[in-house]
Amino acid sequence: MDWGTDLWDQFEIIEKHTQWGLDLVDKYVKFVKERTEIEQNYAKQLRNLTKKYSPKRGNKEDQECRFTHYQSFLDILTEMNDYAGQREVISENMMMNICVELTKYLQEIKQERKMYLAEGRKAQQFLDSSFKQLDSSKKRFEREWREAEKAAQYAEKTDQDINATKADVEKAKLQAHGRMHAAEECKNDYASQLQKYNKDQNQYYFSELPDIFNKLQKMDERRVQKLADGYNTFAETEKRVMPIIGKCLDGIAKAASSINERNDSLILIEMHKSGFERPGDLDFEDYSQGINRASSDSSLGTPKGPLERSVGKNRNKLWPFSKKSKLPPPPLTPFSNPPAPLPANGPPSPKFTRDPLSYCLNEINKTVKPRISSFRTLKRTPTITEDFAHLPPEQRRKKLQQKIDELGKELQKEVDQSEALNKMKDVYEKNPQMGDPNSLAPQINQTSQNMDRLRGDLQKYESWLAEAGGRGEVSRYSSFSYNNNGSHEKYSPDGAHSDGSNPEHPQGIYAEFDDDFEDEDSAPPIGQCTAMYSFAGASEGTISMAEGEIFNMVEEDKGDGWTRVRRANGDEGYIPTSYVKIHRN
């Protein structure tokens, strides 16, 4: 069954149906466009959301990153950013594979439909023209035949008329014969036109029109198939990114499972442990006895004892949950007068007007309570010092140890540079054509000064660490001195001299300069990353990767979607951040 056979008389229906099909394609394209706009807005909102809650780099954020539950939150933000990228991929693929393709196909099919309908109208016009010619010849034949009949009747009447002359009879017969001959010609012409029209009509209804209708049917079927492909692409586009979205969601679940609440509690202890001892009990001061008002070393009533001095220095550490008193104590000024000295025989006995025990307790409250309740009001911003004395003991030891490690790294760097400069100098002295040894003297002197300065700072911080109760380990960085030639000499801790010819430090590695000092220190890795997908790396500056491959991360994403990594063999390049799982150190 086809349109040309079964719908031969439904030209207008076919024309309306094909136009409706084109309108449906256009409607679907608009639908997909609005869907892509929704995906774009959704991805944009997700990226803005992750950017809003992403931390600003700072010391506080670096400390918070040590907690596993906060690091998991950062991992969730990263996964959501990758999830937003996949929504953008869905939008872009739908726009390219559906909207653009169907719009282009719609223009082509409109032109094809217009051409087929034009052919159908042209064939219809030709058949109408043939029918008009047939109708014209038919009417002319009818008219001529009537005139011929009238002429024949007139000739017969004239012939029967006795009054008519022979000439009149001959003339009437001649006219009748002429009319009959003309009628015969019109008859033959009408028969010819009828035969021609029947042939054209048969050609139109059995050949031309079915062929046009069948072409329109095939065109409409292709349109339906193309629309079906668009429907399928709509689903496949999202299916293709579902595995990646699933990995993003798995990453969120993994971040949740990586939380270690016990470890977070230990980290908080490590970060904020002060090292102070808990305050001791206060001794009862008996004012009812006629003795000197001597307080215990742990009393807060007088500032004389050593414990009181240490407590006064860190007063806010003893009662961290104390509330402000309703009546604030008088402000302390540097010019406040000291308390008057007590008489030699002790304070005068008070005259009790009420119960002696109540009086004593009242006196203790007057002396002690305002000072305890006012610790928060007495809190001052500590002055930051170089030896970190403003910090609690435990935090001070950590800061000092951190500073010692930093100085040690700087000193080791200067030592390595000094060794390199002296070995270069030795090479220049042996091979003058390679360079002037004296040109290295300023750099050697500057390196020596830097080493002396760093060594002094290191010794200073180590002494502060020992004073703060640290381990007081001997520095692992050897002392270096320089002889008159500018070469360094190494001394062991027991004072024994050793020169640079120690076989443990061979000189041969600097003997040749074939590489022209191209081997520079590469940037240390800041973490590792694992490839979740394959990447071709065809662009300049990028490197390829396979799924599951592990890289050292050299430089993190600066917001452009690329991360700089290094392979174990030293190859470096950029890879897409959304294609890898990052593990920071």
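**Talking through a predicted model**

Student: Let's start with C248: is C248 buried or exposed?
Tutor: This is a predicted model, so we go by its computed values. The relative accessible area of C248 is 3%. The cut-off for buried is under 20%, so C248 counts as buried.

Student: And what is the relative accessible area of C529?
Tutor: C529 is another buried cysteine. Its relative accessible area comes out at 0%.

Student: How many disulfides does a search of the whole structure find?
Tutor: A disulfide is a covalent bond between the sulfur atoms of two cysteines. For the whole structure, the number of disulfides found is zero.

Student: Zooming out, what percentage of the protein's residues is buried?
Tutor: The protein has ten helices and eight strands. It runs to 585 residues, and the buried share of them is 30%.

Student: Which helix gives the most to the largest nonpolar core?
Tutor: That core has 38 residues, and Y28, V32, I98, F213 and L216 have the most contacts inside it. Helices α2, α4 and α5 each supply at least two of its residues. With 16 residues, the top contributor is α4.

Student: Apart from its neighbours within four places in sequence, which residues is V32 in contact with?
Tutor: V32 is one of the residues with the most contacts inside the largest core. Leaving those sequence neighbours aside, its partners are M94, I98, C99 and F234.

Student: How many residues are in the second, separate core?
Tutor: You can find it by looking for L400, L407, L411 and W464, which are among its members. W464 is also one of the buried residues of α10. The residue count for this second core is 13.

Student: How far does α10 reach from its first C-alpha to its last?
Tutor: Helix α10 covers residues 441–467, which is 27 residues. At 1.5 Å a residue you'd expect 39 Å, and the value in the model is close to that. The reach is 39 Å.

Student: E414 is buried, so which side chain of opposite charge is nearest?
Tutor: E414 sits in helix α9 and has contacts with T447, N450, M451 and L454. It has no salt bridge. At 5.9 Å, the nearest side chain of opposite charge is beyond the 4 Å cut-off for a salt bridge. That side chain is R453.

Student: How far apart in sequence are the parts that E144 and R179 tie together?
Tutor: The two form a salt bridge, with their closest N and O atoms 3.8 Å apart. E144 is buried at 17% relative accessible area, while R179 is partly exposed at 36%. E144 lies in α4 and R179 in α5, so the parts they tie together are separated in sequence by 35 residues.

Student: Which residue does R140 form a salt bridge with?
Tutor: R140 is in helix α4, and its partner is in helix α5, 49 residues apart along the chain. The closest N and O atoms are 2.6 Å apart. The partner is D189.

Student: Which residue meets K196 in a salt bridge?
Tutor: The two side chains come to 3.2 Å, N to O. Both residues lie in α5, four apart, about one turn of the helix. An α-helix has 3.6 residues a turn, so residues three or four places apart point the same way. The partner of K196 is D200.

Notes:
Residues numbered from 1 in each chain as written. Predicted model: local features only at pLDDT ≥ 70, side-chain atom pairs only at ≥ 80, totals over all residues. Heavy atoms only, no water. Core = buried A, V, L, I, M, F, W, Y, C linked by side-chain atoms within 4.5 Å. Buried < 20%, exposed > 50% of the residue type's maximum accessible area, 1.4 Å probe, protein only. Contact = heavy atoms within 4.5 Å. Lys, Arg positive; Asp, Glu negative; His and termini not counted. Expected span 1.5 Å × (residues − 1). Disulfide = S-S within 2.5 Å.
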